[in-house]
Amino acid sequence: MHLPDGSLSIPVWASADALALGALTWASSKASKKLTDRQVPLMGVLGAFVFAAQMVNFPIPGGTSGHLIGAVLLTVILGPGVSSVVMFCVFLVQALLFQDGGITALGANFINMGLMGTILGWVIFRSISGKSTGLRMYIAIFLAAWCSVELGSLLTGLELWMSGTAPLVPVVVAMGSVHALIGIGEGLISIAAVRFLYAARPELLEGRR
Amino acid sequence: MKSLFLGILLLALAVGGGLSLLASEAPDGLEHTLTEMGADEHRSMIDSPMPDYEIPVIQNKWARKAIAGASGTLAVLGLTILVGWSLRRAHARSSMGDKSASQDS
């Protein structure tokens with residue numbers, strides 16, 4: 001779901017970049033207060049894993065494909081501030097080294113795929129899971145992951161419409177219907193990742209506190 | 001804890017430099033939508049060393065993808081650790097003398 005250069009109009013990508021910069025500043029300051037020594041290597045290896053997993057497109061009925069975004073699994077483990085910083089690092093490397101996502105659209109991509117999971121997904125996760133570490137926590141992870149992908153895709157559609165790239169109803173319907181399926185993959189992989197870490201080291205789930 | 005972190009990193013390298021070779025070649029949801037809307041003609045503003053997760057100078061079609069994927073995985077590892085370490089240091093400097101501030105809250 002990485003928007004390339006040229007898909008957004010200048011006012012849209014410029015305001016998204018400004019908004020993203022503000023959010024990144026907030027996230028960095030929050031992260032610097034919350035980060036523990038142990039979390040620095042953890043954010044490194046989890047960022048590396050999310051980047052790698054984003055390369056693995058799985059097929060979706062209808063001739064398209066989707067891949068993990070990973071923002072919700074990061075926010076459950078690292079909390080919203082640190083996970084936002086990690087997601088930005090992933091998008092920056094993708095845009096600079098791999099031409100995946102435009103450099104002008106970096107802010108929009110960070111909002112659509114990063115913040116929709118690390119902030120909105122975190123709010124959904126926290127409000128559903130409560131203090132649970134059992135089934136309810138995993139249901140919360142699935143719903144947060146699914147909603148982050150679906151709402152992120154609708155937001156992407158809106159940005160394309162605001163940019164004059166696509167008509168409103170068709171683009172929102174097309175994005176929303178494909179990503180309703182991709183979101184299921186996001187939910188399942190997020191559950192598996194958190195379950196693995198929670199079984200190995202339950203105290204690592206910073207986002208639970 | 002070290003072995004867990006190393007395990008996650010090895011998994012990431014196996015996914016980025018191995019499993020990713022089996023990824024679906026079908027366009028993703030956004031690419032498909034842009035094609036449907038007739039808006040799929042875009043020129044990147046910058047030239048990247050590994051466009052589309054391939055290293056152009058390597059001939060072997062598996063190696064060009066595997067090495068690109070593994071390099072990107074390590075690049076993200078390095079960048080996030082550097083950023084995380086800088087944030088830790090910045091905070092430690094701003095709250096000097098207040099030892100409890102750097103503790104997990």
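The legends below accompany close-up views of a predicted model with chains A and B.

**View 1. Overall fold of chain A, with seven helices and two strands.** Read from the N terminus, the elements of chain A follow the order α-α-β-β-α-α-α-α-α. The C-alpha trace of this chain spans about 45 × 35 × 30 Å along its principal axes. A compact globule of 209 residues would have a radius of gyration near 17 Å, and the 16 Å computed for chain A agrees with that expectation. Buried residues amount to 62% of the 209 residues in chain A. Among the contacts of chain A with a separation of 6 or more, 73% join residues that are 24 or more positions apart.

**View 2. Overall fold of chain B, with three helices and zero strands.** Along the sequence, the pattern of chain B is α-α-α. The radius of gyration of chain B is 20 Å, whereas the globule rule gives 13 Å for 105 residues, so this chain is more spread out than a compact globule. Its C-alpha atoms fill a box of roughly 60 × 35 × 25 Å, again taken along the principal axes. Of the 105 residues in chain B, 28% are buried. Residues 24 or more positions apart provide 49% of the contacts in chain B that have a separation of 6 or more.

**View 3. The contact between chain A and chain B, formed by 61 residues from chain A and 53 residues from chain B.** On the side of chain B that touches chain A, H1 (2–17), H2 and H3 each supply at least two residues. The largest share of that side comes from H3(B), which contributes 16 residues. Divided by class, the residues on the side of chain B that touches chain A are 31 nonpolar, 16 polar and six charged.

**View 4. The crossing of helix H1 (residues 10–34) of chain A with helix H3 (residues 61–94) of chain B.** Two packed helices are described by the angle between their axes and the distance between the axes. Here the axes come within 8 Å and cross at roughly 75°. Angles of 65 to 115 degrees count as roughly perpendicular, and H1(A) and H3(B) are therefore assigned to that class. From H1(A), the residues Ser28(A), Ala31(A), Ser32(A) and Lys33(A) take part, and they meet Leu87(B), Arg88(B), Ala90(B) and His91(B) of H3(B). By class, this contact of H1(A) with H3(B) has three nonpolar, three polar and two charged residues.

**View 5. Helices H2 and H6 of chain A, shown with their end-to-end spans.** The 16 residues of H2 (residues 39–54) of chain A should span 22 Å at 1.5 Å a residue, and the end C-alpha atoms of this helix are indeed 22 Å apart, which agrees. In H2(A), 15 of the 16 residues are buried, so this helix is largely enclosed by the rest of the structure. Helix H6 (residues 135–162) of chain A, with 28 residues, reaches 40 Å from its first C-alpha to its last, close to the 40 Å expected at 1.5 Å a residue. After H6(A) comes Gly164(A), a residue with a positive phi near 75°.

**View 6. Gln99(A), in the loop between H4 (80–98) and H5 (106–129) of chain A.** The phi of Gln99(A) is near 55°, which is a positive value in a residue other than glycine. Gln99(A) has 22 C-beta neighbours inside 10 Å and therefore counts as buried, the threshold for that class being 20 or more.

**View 7. Asp47(B) and Asp52(B), in the loop between H2 and H3 of chain B.** The loop that holds Asp47(B) begins after H2 (29–36) of chain B. Asp47(B) has 7 C-beta neighbours inside 10 Å and so counts as exposed, since a residue with 12 or fewer is placed in that class. From C-alpha to C-alpha, Asp47(B) and Leu9(B) are 28 Å apart in space, while in sequence they are 38 residues apart. Asp52(B) has a phi near 55°, a positive value in a residue other than glycine. With 11 C-beta neighbours inside 10 Å, Asp52(B) also counts as exposed.

Methods. Residues are numbered from 1 along each chain as its sequence is written. Chains are lettered from A and ligands numbered from 1 in the order in which they are written. This is a predicted model: local features need pLDDT of at least 70, side-chain atom pairs count only at pLDDT 80 or more; totals for chains, interfaces and linings use all residues. Helices (H or I, at least four residues) and strands (E, at least two) are DSSP runs, numbered from the N terminus. The radius of gyration is taken over C-alpha atoms; the globule rule is 2.2 Å times the number of residues to the power 0.38. Two residues are in contact if their C-beta atoms, placed from the backbone, lie within 7 Å. The expected span of a helix is 1.5 Å times one less than its number of residues. Axes are lines fitted to C-alpha atoms, for helices over the stretch in contact, and angles run from 0 to 180 degrees between N-to-C directions. Angles under 35 degrees count as roughly parallel, over 145 as roughly antiparallel, 65 to 115 as roughly perpendicular and the rest as oblique. Ala, Val, Leu, Ile, Met, Phe, Trp, Tyr, Cys and Pro count as nonpolar, Asp, Glu, Lys and Arg as charged, and the others, Gly among them, as polar.
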